[in-house]
Amino acid sequence: MAVTPGTTTRPNPRGGVTQEQRPPVDRDELRKNSEFVGDVGAEVELEVRVNHITGPFESQYGGERYKYLLGDEGRNAINTWGGRTFKGPGGLSISPTKGDRFRVRAEVAKHEVFRDEKQTVLKNLTILAGL
């Protein structure tokens with residue numbers, strides 16, 4: 001078995017690839033490659049992965065809000081704000097966790113640049129299906 005420099009051969013008991021076996025990620029390169037998704041005000045359907053969840057933050061109405069940092073297959077940065085759960089298929093409430101993948105429908109609220117990374121902000125997000 002060939003070993004790539006910077007990786008190890010420690011087996012993963014659950015199968016798949018361990019953190020040590022992944023090649024290093026160049027975050028600056030990812031930021032440069034991110035593009036805006038859709039047009040502001042348009043409804044989009046995307047396949048996304050939950051990369052990070054921050055919160056809870058207290059909302060102005062007394063509830064808790066969370067910021068969800070998402071990414072699509074093109075490594076574009078997407079984010080949205082929401083409660084602990086989102087509306088899912090058949091009226092189910094779905095509570096996303098880091099690493100989950102979904103097909104979603106949402107409206108593009110705005111495009112912004114944060115730390116030299118183009119980000120698309122979504123609103124009224126609905127989960128259509130898990131992937």
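Colleague: Which residues does K110 touch, once those up to four places away in sequence are left out?

Modeller: K110 touches V40, Q119, T120 and V121. Touching, or contact, means heavy atoms within 4.5 Å. Keep in mind that this is a predicted model, where local features need pLDDT of at least 70 and side-chain atom pairs count only at pLDDT 80 or more, while totals for chains, interfaces and linings use all residues. Residues are numbered from 1 along each chain as its sequence is written, and side-chain values use heavy atoms, with hydrogens and water left out.

Colleague: Why does K110 count as partly exposed?

Modeller: Its relative accessibility is 41%. Buried means under 20% relative accessible area and exposed means over 50%, with partly exposed in between (1.4 Å probe, protein chains only). So 41% puts K110 in the middle class.

Colleague: And how far apart are K110 and V121 in sequence and in space?

Modeller: They are 11 residues apart in sequence, and 5.3 Å apart in space from C-alpha to C-alpha. K110 is found in strand β6.

Colleague: What makes something a strand here, and how many strands does the protein chain have?

Modeller: Strands are DSSP runs of E with at least two residues, helices are runs of H or I with at least four, and both are numbered from the N terminus. By that rule the protein chain has one helix and seven strands. Along the sequence, the pattern reads α-β-β-β-β-β-β-β.

Colleague: How do you know that β6 and β7 pair?

Modeller: Two strands pair if DSSP finds at least two bridges between them. Strand β6 (residues 101-114) and β7 are joined by 11 bridges, so they pass, and they run antiparallel. One of the details is that R103 has A129 in β7 as its bridge partner. The two strands form a hairpin with two residues between them, and R115 in the turn has a positive phi of about 50°.

Colleague: Which way do β3 and β7 run, parallel or antiparallel?

Modeller: Strand β3 (residues 77-82) and strand β7 (residues 117-130) run parallel, joined by four bridges. There, N79 stands opposite V121 in β7.

Colleague: What about β2 and its partners?

Modeller: β1 and β2 pair in the antiparallel sense over eight bridges, and β2 and β3 do so over six. β1 and β2 form a hairpin with five residues between them, where G62 in the turn has a positive phi of about 95°. β2 and β3 form a hairpin with four residues between them, and there R75 in the turn has a positive phi of about 60°.

Colleague: Let's look at S34. Why is S34 called buried?

Modeller: S34 has a relative accessible area of 1%, which is under the cut-off for buried, so the label fits. S34 is found in the loop between α1 (27-33) and β1 (43-58). Leaving aside neighbours within four places in sequence, S34 is in contact with R75, N76, A77, E117 and K118.

Colleague: What does the side chain of S34 reach?

Modeller: The S34 side chain reaches the backbone nitrogen of A77 at 2.9 Å and the backbone oxygen of K118 at 2.7 Å. A polar contact is a pair of N or O atoms within 3.5 Å; within protein, one must be able to donate a hydrogen and the other to accept it, and residues adjacent in sequence count only if both atoms are side-chain atoms.

Colleague: And what makes E117 buried?

Modeller: E117 comes to 16% relative accessible area, so it falls under the limit too. E117 is found in strand β7. Its side chain makes a polar contact with the side chain of Q119 at 3.1 Å.

Colleague: Why is the pair of Y68 and F86 called edge-to-face?

Modeller: A search of the whole structure finds three aromatic pairs. Y68 and F86 form one of them, at 5.0 Å centre to centre with 65° between the planes. Rings of Phe, Tyr and Trp (its six-membered ring) pair if their centres lie within 6.5 Å, and planes under 30 degrees apart count as stacked, over 60 as edge-to-face and the rest as tilted. So 5.0 Å makes Y68 and F86 a pair, and 65° makes it edge-to-face. Y68 and F86 are both buried, and together with Y66 they form one aromatic cluster.

Colleague: How do you know that the charged end of R84 sits over the ring of Y66?

Modeller: The rule is that NZ of Lys or CZ of Arg must be within 6 Å of the ring centre and within 35 degrees of the ring normal. The charged end of R84 is 5.1 Å from the centre of the Y66 ring.
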